[in-house]
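Thanks for coming, everyone. I have one chain to walk through today. Have a look at it on the screen first.

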Amino acid sequence: MSCFVGPGDLSANMGAMGNPGAAHVQEAIASVRKAAAAAGRASGILASVKADAGPLFSPTASPWLLSVPTSVLLARGSDALVASFKQ
C-alpha cells in the first residue's frame, strides 16, 4: 500500500490555492512522507507538471513514487484523438 498526496488539492485545502510550494504545504507533505517511511510504506505525489513535482521529487529518496493524475492521461488521450481526426 502506498500514499499519494495531491499538492494542488492539499494547497487548496490548506488555504494556499494555487501555491503548492507554500512552506506550510511543503511541511505537510514532508510529514506525510515521514509517517509513510516510518510505517515502511511508499509515498508520492500526484503531479502533472514539472513545476509541481520538481521541488518534491528526488531520485535518491526511497521509497518515493511519482504519478500523473488520471485527468492528465484523459486529456492527453483526448488531444491525440482530436489530432487524429485533423490529419
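**Val5, the core and helix 2**

Let me start with Val5. Setting aside residues within four places in sequence, Val5 makes contact with Leu10, Ile29, Val32, Gly44, Ile45 and Leu46. Val5 also belongs to the largest nonpolar core. That core has five residues, and the other members are Ala16, Ala22, Val25 and Ile29. So keep Val25 and Ile29 in mind, because both are buried in helix 2.

Before that, a word on confidence. This is a predicted model. The mean pLDDT of the chain is 77. Of its residues, 67% reach 70 or more. Where is confidence highest, and where is it lowest? The high end is helix 2, residues 23-38, at a mean of 88. The low end is strand 3, residues 64-67, at a mean of 60.

Now the overall layout. The chain has four helices and three strands. Reading from the N terminus, the order is β-α-α-β-α-β-α. There are 87 residues in the chain, and 22% of them are buried. The accessible surface is about 5800 Å². Carbon and sulfur atoms account for 60% of that surface. On contacts, take pairs at least 6 apart in sequence. Of those, 35% join residues at least 24 apart.

Next, helix 2. It has 16 residues. From first C-alpha to last, helix 2 reaches 22 Å, close to the 22 Å expected at 1.5 Å a residue. Which residues of helix 2 are buried? They are Val25, Ile29 and Ala36. These three sit on the same side of helix 2, because they cover an arc of only 35 degrees around the axis. The general rule is familiar: an α-helix has 3.6 residues a turn, so residues three or four places apart point the same way. Turn to the face away from the buried side of helix 2. There you find exposed residues: Ala23, Glu27, Lys34 and Ala38. Just after helix 2 comes Gly40, with a positive phi of about 75 degrees.

Let me pick out two residues of this helix. One is Val25, in helix 2. Val25 has a relative accessible area of 0%, so it counts as buried. Who surrounds it? Leaving aside neighbours within four places in sequence, Val25 touches Pro7, Leu10, Ser11, Met14, Ala16, Asn19 and Pro20. Take Met14 from that list. Met14 and Val25 are 11 residues apart along the chain, and their C-alpha atoms are 7.1 Å apart.

The other is Arg33, also in helix 2. Is Arg33 buried, partly exposed or exposed? Its relative accessible area is 25%, so Arg33 is partly exposed. The cut-off for buried is under 20%. Arg33 also takes us back to Val5. The two are 28 residues apart along the chain, with 9.1 Å between their C-alpha atoms.

Last stop, Ser11. Ser11 lies in helix 1, residues 7-13. With a relative accessible area of 0%, Ser11 is buried. Beyond four places in sequence, Ser11 touches Ala16, Met17, Gly18, Asn19, Pro20 and Val25. Ala16 and Val25 in that list are members of the five-residue core too.

To wrap up: the core holds Val5 together with Val25 and Ile29, among others. Helix 2 has the highest mean confidence, at 88. Strand 3 has the lowest, at 60. That's my tour. Over to you.

Terms used: Residues are numbered from 1 along each chain as its sequence is written. This is a predicted model: local features need pLDDT of at least 70, side-chain atom pairs count only at pLDDT 80 or more; totals for chains, interfaces and linings use all residues. Side-chain values use heavy atoms; hydrogens and water are left out. Helices (H or I, at least four residues) and strands (E, at least two) are DSSP runs, numbered from the N terminus. Buried means under 20% relative accessible area, exposed over 50%, partly exposed in between (1.4 Å probe, protein chains only). Contact means heavy atoms within 4.5 Å. pLDDT is the predictor's confidence in each residue, from 0 to 100. Accessible areas come from the Shrake-Rupley method with a 1.4 Å probe; for residues, only the protein chains shown count as cover. A nonpolar core is a set of buried Ala, Val, Leu, Ile, Met, Phe, Trp, Tyr and Cys residues joined through side-chain atoms within 4.5 Å. The expected span of a helix is 1.5 Å times one less than its number of residues. The arc is that of the directions from the helix axis to the C-beta atoms.
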